[in-house]
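Please look over the sequence and the structure shown here. The report that follows takes up domains, one helix and one chain in turn.

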Amino acid sequence: DDEQPPFLNSWNQIYAMVLIIHAVLIFLFYLFTEAHA
Amino acid sequence: MSYLDWTVLVATLSFIVLYGFWKTRNVNSTESYILGDRALKWHTIGLSIMATQASAITFLSTPGQGFDDGMRFAQFYFGLPLAMIILCVFVLPIFYRLKVYTAYEYLEQRFDLKTRQFTAFLFLLGRGLAAGITIYAPAIIMSVILGWSLSLTILVLGVIVIAYTVFGGTTAVSQTQKQQMIIILSGLFVAFWVIINKLPPEVSFGDAVSVAGKMGKLNVVDFKFDLDNKYNMWSALFGGTFLFLSYFGTDQSQVQRYLSGKTLTESRLGLIFNGIFKVPMQFFVLFVGIMVFMFFQFTKPPVHFNPANVEILNSKPEYRDSFALVQQNFDEVFDLKKAKITSMIAAIDSEDETQIATVKKELNVLDRRDRIIRKDVEGLLKSYEVNYPSVSSIETRDTDYVFISFVTTYLPSGLVGLLLAVIFAAAMSSVASELSSLASCTTVDFYRRYFGEKYDDQHYLRAAKMFTLMWGMAALAFAAGASLFENLIEFVNIVGSLFYGTILGVFTVGFFIKAVRGNAIFWAAIIGELCVVSIFLMDYHGIISIAYLWLNLIGCGITIIVSLILQGFMQKDTLVR
């Protein structure tokens with residue numbers, strides 16, 4: 001279960017990275033929506 | 001369709017099929033047929049997962065949905081990355097440790113045979129019906145656009161996909177999906193580039209985006225909580241996450257994609273790839289629809305995008321006159337709207353906020369009139385259907401035809417063939433996964449489970465090929481007969497989603513609640529399923545109102561709670577005895 005990921009130090013860091021990318025994306029969508037309302 | 005288009009279409013599809021045959025010429029065991037010898041790399045898994053989920057209807061309907069309803073559908077996918085992470089953490093390690101062929105195989109190891117076969121049966125029922133619709137739904141649209149008969153379109157789509165799926169099993173599916181995704185994405189980028197270049201020279205891309213925003217089309221994010229609203233942030237993050245957990249975690253057509261990974265790491269990276277790129281891809285497909293909408297603000301669109309329906313209305317004199325009147329109204333509104341958009345662009349360029357607000361109001365009034373006129377055409381079609389009833393019903397909505405009729409009317413020769421290949425490739429990639437998973441489930445969860453050691457591996461390989469062929473023929477037969485039933489597509493989609501919550505409940509208990517055993521979960525699943533069907537029927541008959549995304553959450557919750565209660569009773573019962 002604890003196979004090392006190919007980048008970063010742990011799988012948890014990869015999951016955190018995915019969540020951050022997703023949150024930033026939603027925030028950009030929010031700005032996009034507000035800018036063109 | 002020019003000769004060049006036909007050449008591009010036939011060459012693209014032939015390449016995909018031959019590539020599938022070539023890559024799987026050495027498939028010689030059940031494991032390589034069902035799990036591709038567990039040799040896939042993360043990028044193949046990721047593209048394969050995306051290609052399985054994105055069917056032809058995704059690329060026909062989604063731009064049409066952008067055209068009609070704006071961007072809010074993008075929110076539907078906001079829960080997907082969360083679901084991918086939950087699967088990577090909790091589900092994949094268990095499936096890998098137990099070396100299962102199907103998701104349901106795990107349930108026998110955790111509970112008992114009847115729980116395994118009950119969930120496998122629900123999967124075969126829901127997905128078996130869906131496979132027919134995955135062929136039928138795009139075939140209706142393509143047959144109208146290509147001028148082929150519906151049966152011929154279904155046959156062309158079905159026979160190609162059955163051929164390579166029966167021959168090469170899951171490896172053929174994954175390898176062809178990689179090529180199909182490349183064709184799909186490049187086709188969409190080309191279409192987008194053409195649309196931008198087709199805008200009038202005085203209208204820049206920025207102008208088009210600004211005006212689309214003022215017309216309320218760029219509503220990507222909505223934070224208002226509303227149980228009845230299908231697409232907002234909250235139904236996406238809660239309802240959507242549960243839906244994607246069920247779909248990617250318990251639906252064999254997806255589970256089989258990542259079970260064929262070389263290692264746990266490759267499978268996890270494949271799911272994460274899907275989690276990161278799925279939302280931007282859907283955003284882009286919707287945005288293509290928005291740009292088609294803007295293109296049609298400067299170039300007069302048809303008042304109704306389905307040419308077959310227009311032909312129907314023009315076939316009877318009393319409808320021809322009414323339709324001509326509607327068309328005349330539509331033309332007037334189009335000219336008024338075009339003038340307003342020009343003044344809107346001028347107001348935006350000069351940053352005159354009062355003028356922008358004034359024009360925005362006027363533009364929205366005109367846009368509403370535009371919608372009412374389009375509804376009038378639907379009204380005419382409904383009235384026609386009452387006066388001239390026929391065997392098959394008329395689909396009065398035309399949003400699925402918006403993108404494809406733009407493609408066939410305005411794209412240059414050669415690119416039309418490429419975009420049609422995109423739609424065919426998307427249809428085939430989804431059907432292939434469905435057939436392959438239905439056959440795997442039938443072979444592993446029923447046939448091989450029953451006969452076990454009695455036969456050798458070669459026998460089960462032949463059986464799996466035979467089951468793939470049988471499910472393929474069943475899907476073709478279902479697609480061919482589908483036009484005889486009203487609202488069939490909606491019915492099949494609902495049937496599929498009614499099972500998801502319960503199945504997810506069973507798996508959730510399996511993974512997280514060790515105390516619950518086979519009998520308790522089996523009866524809890526049946527009670528949970530009955531509750532979901534009852535709630536759906538109450539919603540259908542207007543007694544309550546609830547968006548269907550929440551049904552998954554409810555089905556899952558009831559199954560978990562009832563299984564705990566039943567397990568409590570059963571333990572007491574054992575102690576008393």
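How many Å separate the centres of domain 2 of chain B and domain 3 of chain B, taken over C-alpha atoms? In this predicted model, the two centres lie 44 Å apart. The domain bounds, which come from an automatic or database domain assignment, are tabulated here.

| Domain of chain B | Residues |
|---|---|
| domain 1 | 3-296 + 408-484 |
| domain 2 | 307-397 |
| domain 3 | 487-577 |

Local features need pLDDT of at least 70 and side-chain atom pairs count only at pLDDT 80 or more, while totals for chains, interfaces and linings use all residues. Residues are numbered from 1 along each chain as its sequence is written, chains are lettered from A and ligands numbered from 1 in the order in which they are written, and side-chain values use heavy atoms, without hydrogens or water.

Helix α17 of chain B covers residues 415-451 (helices are DSSP runs of H or I, at least four residues, numbered from the N terminus). At 1.5 Å a residue, counted for one less than the number of residues, its 37 residues should span 54 Å, and because its end C-alpha atoms are 52 Å apart, the two values agree. α17(B) nevertheless bends by about 35° at Thr443(B), the angle being taken between axes fitted to the seven residues ending there and the seven starting there. Of its 37 residues, 30 are buried, that is, under 20% relative accessible area with a 1.4 Å probe, protein chains only. Gly452(B), with a positive phi near 50°, follows α17(B).

Chain A has 1 helix and 0 strands (strands are DSSP runs of E, at least two residues), and its C-alpha atoms fill a box of roughly 45 × 15 × 10 Å along the principal axes. Of its 37 residues, 30% count as buried.

Note on methods
Buried means under 20% relative accessible area, exposed over 50%, partly exposed in between (1.4 Å probe, protein chains only).
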